[in-house]
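Biologist: Could you take me through one part of this model slowly? I would like to look closely at its enclosed empty spaces.

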Amino acid sequence: MLELRTGLALVAVLLGASSGRAAAAEPAADRGAEAAASLPGEDRDSAELDAYRALARPPGTAGRVVSTVAMGKGIRFNNPYRLQTQLGETAESLSLTAGYLDLGVALALGPADGVQHGGALRFSVAVGGVPQESLTPSYFVAYRGLTRVLGYGRLGAAILIEPDVNVGGELALGLGYSLLAGVALSGEIVGDLFYGAATYDAAYTVYPVVSAQLGLMIDHELLP
């Protein structure tokens with residue numbers, strides 16, 4: 001009986017000691033939990049603030065590289081030499097130009113979802129009739145919003161290389177409709193104005209030409 005009482009007393013002492021240690025450890029555990037909770041919270045707030053600042057700051061400058069290949073044909077509004085493609089009976093009649101292949105590349109900089117400015121270079125070669133090549137450096141402007149359509153324009157100098165060297169002006173407006181990422185159908189209306197040799201009717205001849213061309217475009221965006 002004495003041994004039973006001794007055992008119960010020992011168990012009571014052990015239980016009391018253990019509960020005391022647990023009670024003493026609770027404030028420390030609470031303080032540790034609070035410290036652990038406050039530290040990740042500060043880190044989280046800092047990360048959210050950094051993310052907000054990243055979203056709120058103005059976007060950087062984006063780039064766009066546009067490559068094109070197209071086939072075209074034009075209408076000449078003055079035909080003093082009575083070309084075979086004449087569409088009327090007088091020197092002022094309309095006439096058709098030869099078909100041509102047009103290769104181009106352009107680079108523009110600006111907002112990714114706004115108006116971008118840059119430069120373009122075009123090379124055109126006739127695919128029939130009299131051999132003829134032209135090189136056109138020009139100012140280039142492009143805009144693409146949230147749609148599949150890229151609108152662009154060019155203004156520059158058209159340099160005839162063959163058959164006779166000549167320099168004229170060129171204005172073009174075009175659209176590209178994206179089929180896949182970076183690949184688009186392109187259409188362009190091009191207006192050219194050249195001065196030619198004198199004739200019996202005029203000391204200075206003027207040759208306005210309006211062309212239409214269709215082709216493919218590779219539109220590569222360089223995001224900030």
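How much space lies in the second largest cavity?

Modeller: About 40 Å³ of space lies in the second largest cavity. A cavity here is a set of points, on a 1 Å grid over the protein atoms alone, where a 1.4 Å probe fits but cannot get out; its volume is the space filled by probe spheres set on points joined across faces, edges and corners. Please remember that this is a predicted model, where local features need pLDDT of at least 70 and side-chain atom pairs count only at pLDDT 80 or more, while totals for chains, interfaces and linings use all residues. Residues are numbered from 1 along each chain as its sequence is written, and side-chain values use heavy atoms, without hydrogens and water.

Now the walls. Lining residues, those with an atom within 4 Å of a point, are Thr68, Ala70, Arg122, Tyr152, Ser186, Gly187, Glu188, Gln213, Leu214 and Gly215. At least two come from each of strand 1 (62-76), strand 8 (183-196) and strand 9 (205-222), where strands are DSSP runs of E, at least two residues long, numbered from the N terminus. By class, 3 are nonpolar, 5 polar and 2 charged; Ala, Val, Leu, Ile, Met, Phe, Trp, Tyr, Cys and Pro count as nonpolar, Asp, Glu, Lys and Arg as charged, and the others, Gly among them, as polar.

The whole structure holds 2 cavities of 30 Å³ or more, and the largest has about 50 Å³. Thr68, Arg122 and Tyr152 line both. The largest cavity's lining has 7 nonpolar, 2 polar and 2 charged residues, and strand 3 (100-110) gives the most to that lining, with 3 residues.

Key:
Helices (H or I, at least four residues) and strands (E, at least two) are DSSP runs, numbered from the N terminus. On a 1 Å grid over the protein atoms alone, a cavity is a set of points where a 1.4 Å probe fits but cannot get out, and a pocket is an open set with protein on both sides within 12 Å along at least five of seven lines; lining residues have an atom within 4 Å of a point.
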